[in-house]
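Please open the model in your viewer and keep the sequence panel beside it. The stops below each give a selection to make and then describe what is found there.

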Amino acid sequence: MKIHEQNKIRIKLKAYDHRLLTMSCKTIIDTARRTKVKAIGPIPLPKKRKIYCVLRSPHIDKDSREHFEIRSHTKIIDIYEPSSQTIDSLMKLNIPSGVDIEVKL
């Protein structure tokens with residue numbers, strides 16, 4: 001079965017909180033299934049860790065440091081053969097504010 005590359009929407013979701021990310025993925029897939037469109041995903045991508053090293057004291061004790069990290073979680077959802085009804089319902093979705101969405105046609 002060959003699927004055409006032109007008729008695909010790729011949705012890339014990024015968030016710091018993995019629970020918000022899974023909730024938004026679930027709402028997107030439920031919307032796609034309601035409009036009877038084939039959706040593949042969510043496909044988890046590797047987590048990105050950013051570690052910051054901060055001195056505890058501003059003047060002395062360079063040996064005393066604190067480490068903080070931020071983890072960003074990423075998932076991809078592919079929607080094949082989207083109809084206009086699917087695109088309209090995806091645009092009207094209410095996604096939490098901590099989730100960044102990138103849509104490619």
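Begin by selecting the cysteines: the structure holds zero disulfides, a disulfide being a pair of cysteine sulfur atoms within 2.5 Å. Cysteine 25 is buried at 2% relative accessibility, whereas cysteine 53 is partly exposed, with a relative accessible area of 42%. In these terms, buried means under 20% relative accessible area, exposed over 50%, and partly exposed in between, with a 1.4 Å probe and protein chains only.

Before moving on, note that this is a predicted model, in which local features need pLDDT of at least 70 and side-chain atom pairs count only at pLDDT 80 or more, while totals for chains, interfaces and linings use all residues. Residues are numbered from 1 along each chain as its sequence is written, and side-chain values use heavy atoms, with hydrogens and water left out.

**The core**

Select Ile11, Leu13, Ile28, Ile77 and Ile79 next, which are the residues with the most contacts inside the largest nonpolar core, a group of 15 residues. A nonpolar core is a set of buried Ala, Val, Leu, Ile, Met, Phe, Trp, Tyr and Cys residues joined through side-chain atoms within 4.5 Å. Strand S1 (8-15), helix H1 (18-34) and strand S3 (65-80) each supply at least two residues of this core, and H1 gives the most, with five residues. Helices (H or I, at least four residues) and strands (E, at least two) are DSSP runs, numbered from the N terminus.

Now centre the view on isoleucine 79 and display its surroundings. Not counting residues up to four places away in sequence, isoleucine 79 touches Asn7, Lys8, Ile9, Ile11, Ile28, Ala32, Val37, Lys38, Ala39 and Leu90, where contact means heavy atoms within 4.5 Å.

**The strand pairs around S1**

Show the backbone of S1 and S3, which pair in the antiparallel sense over eight bridges; two strands pair if DSSP finds at least two bridges between them. Within this pair, isoleucine 11 stands opposite isoleucine 77 in S3. Then add strand S4 (residues 99-104), which runs antiparallel to S1 and is joined to S1 by six bridges. For a marker in S4, select aspartate 100, the bridge partner of lysine 14.

**Threonine 74 and the S2 residues**

Is threonine 74, in strand S3, buried or exposed? Threonine 74 is buried, with a relative accessible area of 8%. Leaving aside neighbours within four places in sequence, threonine 74 is in contact with Lys12, Leu13, Lys14, Leu21, Ile43, Pro44 and Leu45.

From there, step to proline 44, which is found in strand S2 and is exposed, with a relative accessible area of 57%. With neighbours within four places in sequence left aside, the contacts of proline 44 are Thr74 and Lys75.

Stay in strand S2 and select lysine 47, which counts as exposed at 52% relative accessibility. Lysine 47 touches Ser72 and His73, not counting residues up to four places away in sequence. If you draw a distance between the C-alpha atoms of lysine 47 and histidine 59, which are twelve residues apart along the chain, the separation is 35 Å.

**Backbone details**

Go next to proline 42, in strand S2 (residues 38-55), and inspect the peptide bond that leads from glycine 41 to proline 42, which is cis, with omega near 0°.

Two loop residues are also worth selecting. Lysine 36, in the loop between H1 and S2, has a phi near 60°, a positive value in a residue other than glycine, and is exposed, with a relative accessible area of 77%. Glutamate 81, in the loop between S3 and helix H2 (84-91), has a positive phi of about 50° although it is not a glycine, and counts as partly exposed at 45% relative accessibility.

**The largest pocket**

For the last stop, select Ile9, Ile11, Ile28, Ile87, Leu90, Met91, Leu93, Ile95, Ile101, Val103 and Leu105, which line the largest pocket. On a 1 Å grid over the protein atoms alone, a pocket is an open set of points where a 1.4 Å probe fits, with protein on both sides within 12 Å along at least five of seven lines, and lining residues have an atom within 4 Å of a point. About 180 Å³ of space lies in this pocket, a volume being the space filled by probe spheres set on the points, which are joined across faces, edges and corners. S1, H2 and S4 each supply at least two residues of the lining, and H2 gives the most, with three residues.
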